[in-house]
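Trainee: Could you take me through the salt bridges here, one pair at a time? I would like to see how the partners sit in the model.

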Amino acid sequence: MSQTFDDISQQLKRRHRKSSRLKWISMGALGLAGLFLLLFFADMLNKGLPAFQQAYVNTEINYTEEAASDARQAIPDDLVPLVSRTEIRSIPLQMRNNEDLLGTSEQKWLLANSEVDQYLKGNRNSLSEEERAAIDERVESGQVELGFNHTFFTEGDSKSSESAGILAAVVGTIMTMIVTLAISFPIGVMTAVYLEEFAPDNRITQAIEININNLAAIPSILFGLLGLAIFINFFGVPRSSPLAGGMTLALMTLPVIIISTRAALRSVPDSIRHAAFGVGCSRWQVVRDHVLPLAMPGIMTGSIIGLAQAMGETAPLIIVGMVAFIPDMSASFTEAATVMPAQIFTWAGEPEPAFVEKTAGGILVLLAVLISLNAFAVLLRKKFERRW
């Protein structure tokens, strides 16, 4: 039975309505994802931006003989409860390092303790009404104020929340990424070149390709267990060191670099290879002088994204011990160190309210680095992208 024009029109209308509903559902899902992302960033900024400010107390420091044995004698008694214990404990050390300070005095801004800092920021604190009134008076007189928290960027971790910084974690992250890049990039690129340009298509290479794709999808904590078993327990690499962490992350980054490198090599047209073979080049010369230079922008883009992903990993580094309390920067690749994700994880487990903003501030720093790396990868691809 043939369909009439009205039947066909009704079918078309139903199809158009379904298409319109699918379009609006898709747009709604996209908008919902964008809303969640916006709320996430708004929450992180709300909690993290206060971490970049810190309360300071302006006081006179008297470097006397009594202060060398009891640091609390160096500042007025009424300001001792307001000043960070870390600052007070550092006064005798300064006098030992500089004997000329003995008998002198100076006016200096010192870190306030976390309770004063949280009160000035309007957060929960345990100060009494009398202490709050005294702080308000000193704020009005300019003796106590909020300023830029340079300690957050120039110091390592500390048990005192007002003295805790992210510098040691940043240095540890850089050292770990250097090891990761030095191992994963050459091995990953050479493996991809062999599989794509030289390896025969047989069951062995097909099995290798399947396993590489599977390795790119397994949970990262398994790489941490592998690094613990092989690098630390078997080879004796120092635990908690950037060397152990970098080698573990290199295992995790290798599949990403191999896959992205192979994709970049495939993007080079075969006509380039044929032209090189036509003028007498060997296969290695074709790859070295023609294919690799043309694929290098794509290889670099994939490698940067792989390193950015590795930089944000926490689970494998916790397994190899890079979650230790590290107050000072590491001097070598075999000394104990921590990284930014592990440092953030440590702060998140602290009970003090002041560490909440430290956690959010660390997340903002890490997000800024990761977004910068991904943006650099996108710009690199746009700048050197070639259309064939």
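Mentor: Happy to; what follows looks at the charged pairs and their surroundings. Keep in mind that this is a predicted model. The structure holds twelve salt bridges, and a few of them reward a close look.

Start in helix α1, where Asp43 and Lys47 join their side chains in a salt bridge with an N to O distance of 3.6 Å. The two are four residues apart in that helix, so about one helical turn separates them. Asp43 is partly exposed because its relative accessibility is 31%, and Lys47 is partly exposed too, at 38%. The same helix, residues 5-48, also holds Leu38, which is exposed at 59% relative accessibility. Leu38 helps make a nonpolar surface patch of about 520 Å², together with Leu32, Leu35, Phe36 and Leu39.

Now turn to Lys121 and Asp117, whose closest N and O atoms are 3.1 Å apart in a salt bridge. Buried means under 20% relative accessible area; Lys121 is therefore buried at 18%, and Asp117 is buried at 2%.

A third pair is Asp270 with Arg273, bridged at 3.2 Å between the closest N and O atoms. Both lie in helix α11, residues 270-278, three residues apart, or about one turn of the helix. Here the partners sit in unlike settings: Asp270 is partly exposed at 47%, whereas Arg273 is buried at 10%. Elsewhere, Glu196, Glu209, Arg262 and Arg266 are linked into one network by salt bridges that share partners.

Methods:
Residues are numbered from 1 along each chain as its sequence is written. This is a predicted model: local features need pLDDT of at least 70, side-chain atom pairs count only at pLDDT 80 or more; totals for chains, interfaces and linings use all residues. Side-chain values use heavy atoms; hydrogens and water are left out. Patches are made of residues with over 30% relative accessible area and no salt bridge: like charges are joined within 9 Å, nonpolar side chains (Val, Leu, Ile, Met, Phe, Trp, Tyr) within 5 Å. Accessible areas come from the Shrake-Rupley method with a 1.4 Å probe; for residues, only the protein chains shown count as cover. A salt bridge is a side-chain nitrogen of Lys or Arg within 4 Å of a carboxyl oxygen of Asp or Glu. Buried means under 20% relative accessible area, exposed over 50%, partly exposed in between (1.4 Å probe, protein chains only).
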